[in-house]
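Biologist: Before we discuss any details, could you put the model on the screen, so that we can go through it together?

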Amino acid sequence: MNNLESTVIEYQEAGKAWVESKLTCDQLEEDLKSFLASLINELDDGDSSEAKLDRQARGSKQYRDYITNMCLARAEMLKKKVRFDALGMLFEAR
């Protein structure tokens, strides 16, 4: 296999990895409001205001962990996108 063929194969694999990583990132971002709502529902004792419940949910370890995981997924996706783009430029150069 020559350099061009191996670059194409590597480019395709990098593209697939980027798409999978983007899917994970998109799912976490899309589910953020639902996750926050479920935390608020768990905290709701019937006597607290929406503002207080929102503040407690956003301050919870579960929510902060979710945000951390979402940011890590976004960073991973962006790293894979950079690799995919770089391989595309390499392919064009060859």
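**Reading the predicted model**

Modeller: This is a predicted model, and of the 94 residues in the chain, buried residues make up 23%.

Biologist: What is the order of the elements of the chain from the N terminus on?

Modeller: The secondary structure comes to 4 helices and 0 strands. Read from the N terminus on, the elements of the chain therefore contain no strand, given that strands are DSSP runs of at least two residues, and the order is α-α-α-α.

Biologist: What radius of gyration does the chain have, set against that of a compact globule of 94 residues?

Modeller: Taken along the principal axes, the C-alpha atoms of the chain fill a box of roughly 70 × 15 × 15 Å. A compact globule of 94 residues would have a radius of gyration near 12 Å, whereas the value for the chain is 20 Å.

Biologist: Is alanine 57 buried or exposed?

Modeller: Alanine 57 is found in helix H3, and its C-alpha atom is separated by 55 Å from that of methionine 1, which lies 56 residues away along the chain. The relative accessible area of alanine 57 is 0%, and because a residue under 20% counts as buried, alanine 57 is buried.

Biologist: Which residue does arginine 83 meet in a salt bridge?

Modeller: Arginine 83 counts as partly exposed, at 40% relative accessibility, and its partner is likewise partly exposed, with a relative accessible area of 34%. The count for the model comes to 8 salt bridges, and in one of them the side chain of arginine 83 meets, at 2.7 Å from N to O, that of glutamate 10. Arginine 83 lies in helix H4 (residues 61–93) and its partner in helix H1 (residues 3–30), so the pair ties together parts that are 73 residues apart in sequence, and the partner is glutamate 10.

Biologist: How many residues apart in sequence are the parts that arginine 74 and glutamate 29 tie together?

Modeller: The side chains of arginine 74 and glutamate 29 meet in a salt bridge, with 2.8 Å from N to O. Arginine 74 lies in helix H4 and glutamate 29 in helix H1, so the parts that this pair ties together are separated in sequence by 45 residues.

Biologist: Which residue forms a salt bridge with lysine 61?

Modeller: Lysine 61 counts as exposed, at 53% relative accessibility, while its partner counts as partly exposed, at 33%. Both residues lie in helix H4, 4 residues apart, which is about one turn of the helix. The closest N and O atoms of the pair are 2.8 Å apart, and the partner of lysine 61 is aspartate 65.

Biologist: Where is the place of aspartate 47, and which residues form the negative surface patch?

Modeller: The place of aspartate 47 is in the loop between helix H2 (32–43) and helix H3 (50–59). At 72% relative accessibility, aspartate 47 counts as exposed, because the cut-off for that class is over 50%. The negative surface patch is formed by Asp44, Asp45, Asp47 and Glu50.

Technical notes. Residues numbered from 1 in each chain as written. Predicted model: local features only at pLDDT ≥ 70, side-chain atom pairs only at ≥ 80, totals over all residues. Heavy atoms only, no water. Patch = residues over 30% accessible without salt bridge, like charges linked within 9 Å, V, L, I, M, F, W, Y side chains within 5 Å. Areas by Shrake-Rupley, 256 points an atom, 1.4 Å probe, with all protein chains shown as cover. Salt bridge = Lys/Arg side-chain N within 4 Å of Asp/Glu carboxyl O. Lys, Arg positive; Asp, Glu negative; His and termini not counted. Charge placed at Lys NZ, Arg CZ, Asp CG, Glu CD. Buried < 20%, exposed > 50% of the residue type's maximum accessible area, 1.4 Å probe, protein only. Rg over C-alpha atoms; globule rule 2.2 N^0.38 Å.
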